[in-house]
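Biologist: I would like a close look at one part of this model, taken slowly and kept to what the coordinates give. Please start from a single helix contact and work outwards.

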Amino acid sequence: MKIAVLKELADGEKRVSATPETVKKFAGLGATMAVEAGAGASASVSDADFQAAGATTGTRAEVLKDADIILGVQGPSPDSIAGAKQGAWLVAGLNPFGERTRVDEYAKLGLEALAMEFMPRITRAQSMDILSSQSNLAGYKAVLDAAAEYGRAFPMMMTAAGTVSAAKAFVMGVGVAGLQAIATARRLGAQVSATDVRSATKEQILSLGAKPIFVENVAGIEGEGSGGYATEMSEEYQKAQAELVSSHIAKQDIVITTALIPGRPAPRLISDAQVATMKPGSVIVDLAVEQGGNVEGAVAGQVVERHGVKIVGHRNVPSRLPADASALFARNLFNFLSAFWDKEGGGLPKVDDEIGDAIRLTRGGKVVNARLLG
Ligand code: NAD
């Protein structure tokens with residue numbers, strides 16, 4: 001079993017899909033590891049580190065030749081992997097909705113494309129979930145990015161020259177990224193509040209020492225929908241939420257938004273008029289900016305200023321912590337493949353259960369995924 005690890009070629013992508021740790025683990029399962037030269041450079045992993053772990057390094061053509069499994073962080077351009085073996089697996093974050101035509105191309109190349117972001121949210125697959133591992137780091141980094149743009153301190157400080165008051169931080173969307181943002185802002189000494197449409201998050205917010213801010217008179221999503229995800233809210237709810245946000249947001253110094261709805265544009269949570277009510281020097285970080293944005297005026301890849309408020313819209317936030325993001329991503333890939341490893345037969349892993357159905361995009365030259373066909 002030969003596993004190829006590609007160097008990421010997408011703009012601004014600094015992560016790598018394997019680390020010396022996972023190279024050793026795959027080798028322990030009997031795999032031969034071939035890493036494209038320079039693949040780990042932006043994540044502080046040298047070719048020598050990969051070689052010391054037991055991998056060979058070489059050009060893309062060399063690593064792809066006869067590879068049974070191809071690993072990536074993002075999906076490679078189909079042209080760049082045209083030399084791949086028929087039936088080889090391509091396992092990466094393939095952005096199936098955003099890169100739909102690429103999926104067709106992967107099918108034409110005869111590859112079996114597996115999209116790791118379609119991993120079902122079941123207990124068994126938690127350790128394989130790239131969305132969770134990367135969102136966690138994004139939530140942490142969002143707070144650090146906010147702190148870096150904020151011209152004041154987060155914690156209350158009592159100094160000989162007088163007292164600095166604590167920053168007030170508000171987290172909107174309390175999934176994996178939001179929970180980590182709350183915890184990080186608390187560690188930095190901010191006074192933190194948070195909101196979500198899923199009432200189950202109230203307890204979680206309290207348990208992290210933050211204050212829940214919830215729409216009380218209109219039903220939110222009680223319990224959790226399929227896979228724990230949110231769905232679009234009623235107009236009545238959206239109106240009540242906007243009123244609540246308006247009164248709360250004007251008092252905030254830092255706002256982190258993380259709200260997403262699978263397969264839909266991100267919900268708009270903050271209008272330009274609401275931004276205008278915030279104090280000059282306040283900072284908003286929109287982690288949903290690449291999915292359409294939670295904040296009016298946020299621009300993907302930029303820090304913009306509106307009404308004296310900075311709106312931070314960095315793209316690919318996990319890649320801003322490339323070493324840790326790669327380490328967790330690589331473990332997700334290893335946890336997935338090793339769970340289905342064909343120890344006796346030595347063939348490709350056998351993933352013919354609900355996990356396979358969820359993540360398999362192409363097989364036998366065709367697009368086979370229900371979410372793409374439906
Ligand atoms: P997500 O990235 O899809 O969305 C982020 C958050 O935004 C969610 O909490 C969502 O409820 C919230 N949101 C959506 N619309 C909103 C609105 N209009 N206003 C305010 N908030 C809004 O979510 P996620 O981080 O992927 O996590 C969702 C849930 O799934 C969590 O409970 C998480 O623990 C669970 N989860 C389970 C597994 C597993 O079991 N394998 C893996 C990952 C996450």
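Which residues in H1 meet which residues in H10?

Modeller: This is a predicted model. On the H1 side the contact is made by Thr-22, Lys-25 and Phe-26, and on the H10 side by Ala-330, Arg-331, Leu-333 and Phe-334. By class, that contact of H1 with H10 holds four nonpolar residues, one polar and two charged.

Now the geometry. H1 covers residues 20–28 and H10 covers residues 322–339; their axes are 9 Å apart and the packing angle is about 15 degrees. Because angles under 35 degrees count as roughly parallel, H1 is roughly parallel to H10. The crossing of H1 past H10 is left-handed.

Within H1, the buried residues are Pro-20, Thr-22, Val-23, Lys-25 and Phe-26. Thus Thr-22, Lys-25 and Phe-26 are buried and also take part in the contact with H10. The buried residues of H1 have other partners as well: they pack against strand S1 (2–5), strand S2 (32–36) and helix H2 (47–52), in addition to H10. After H1 comes Gly-30, with a positive phi near 100 degrees.

H10 itself has 18 residues and reaches 25 Å from first C-alpha to last, close to the 26 Å expected at 1.5 Å a residue. Its buried residues are Pro-322, Ala-325, Ser-326, Ala-327, Phe-329, Ala-330, Asn-332, Leu-333, Phe-334, Phe-336 and Leu-337. These pack against H1, strand S4 (69–74), S5 and H5. Of the residues that meet H1, Ala-330, Leu-333 and Phe-334 are on the buried list of H10.

The next partner of H10 is H5. The angle between H5 and H10 is about 165 degrees, and their axes are 9 Å apart. Because angles over 145 degrees count as roughly antiparallel, H5 is roughly antiparallel to H10. H5 passes H10 in a right-handed crossing. H5 contributes Ile-130, Ser-133, Gln-134 and Leu-137 to this contact, and H10 contributes Asp-324, Ala-325, Leu-328, Phe-329 and Asn-332. The classes here are five nonpolar, three polar and one charged.

H5 (residues 130–149) has 20 residues, and its reach from first C-alpha to last is 28 Å, close to the 28 Å expected at 1.5 Å a residue. H5 is mostly covered, with 16 of its 20 residues buried. H5 also packs with H6 (residues 176–187), at an angle of about 35 degrees and with the axes 7 Å apart. That crossing is right-handed. From H5, the contact with H6 includes Ser-132, Ser-135, Asn-136 and Gly-139, and from H6 it includes Val-176, Gly-178, Gln-180 and Thr-184. By class, the contact of H5 with H6 has nine nonpolar residues, seven polar and no charged ones.

The last element to follow from H10 is S5, one of those its buried residues pack against. Trp-89 lies in this strand, which covers residues 89–93. Because 20 or more C-beta neighbours within 10 Å make a residue buried, Trp-89 with its 23 counts as buried. Leaving out residues up to four places away in sequence, Trp-89 touches Asp-68, Ile-69, Ile-70, Glu-112, Leu-114 and Leu-348. One of these, Ile-69, is 20 residues from Trp-89 in sequence but 4.6 Å from it in space, C-alpha to C-alpha.

How values were computed. Residues are numbered from 1 along each chain as its sequence is written. This is a predicted model: local features need pLDDT of at least 70, side-chain atom pairs count only at pLDDT 80 or more; totals for chains, interfaces and linings use all residues. Helices (H or I, at least four residues) and strands (E, at least two) are DSSP runs, numbered from the N terminus. The expected span of a helix is 1.5 Å times one less than its number of residues. A residue is buried if 20 or more other C-beta atoms lie within 10 Å of its own, exposed if 12 or fewer, and partly exposed in between; C-beta atoms are placed from the backbone. Axes are lines fitted to C-alpha atoms, for helices over the stretch in contact, and angles run from 0 to 180 degrees between N-to-C directions. Angles under 35 degrees count as roughly parallel, over 145 as roughly antiparallel, 65 to 115 as roughly perpendicular and the rest as oblique. A crossing is left-handed if the near helix is turned anticlockwise from the far one by less than a right angle, and right-handed if clockwise. Two residues are in contact if their C-beta atoms, placed from the backbone, lie within 7 Å. Ala, Val, Leu, Ile, Met, Phe, Trp, Tyr, Cys and Pro count as nonpolar, Asp, Glu, Lys and Arg as charged, and the others, Gly among them, as polar.
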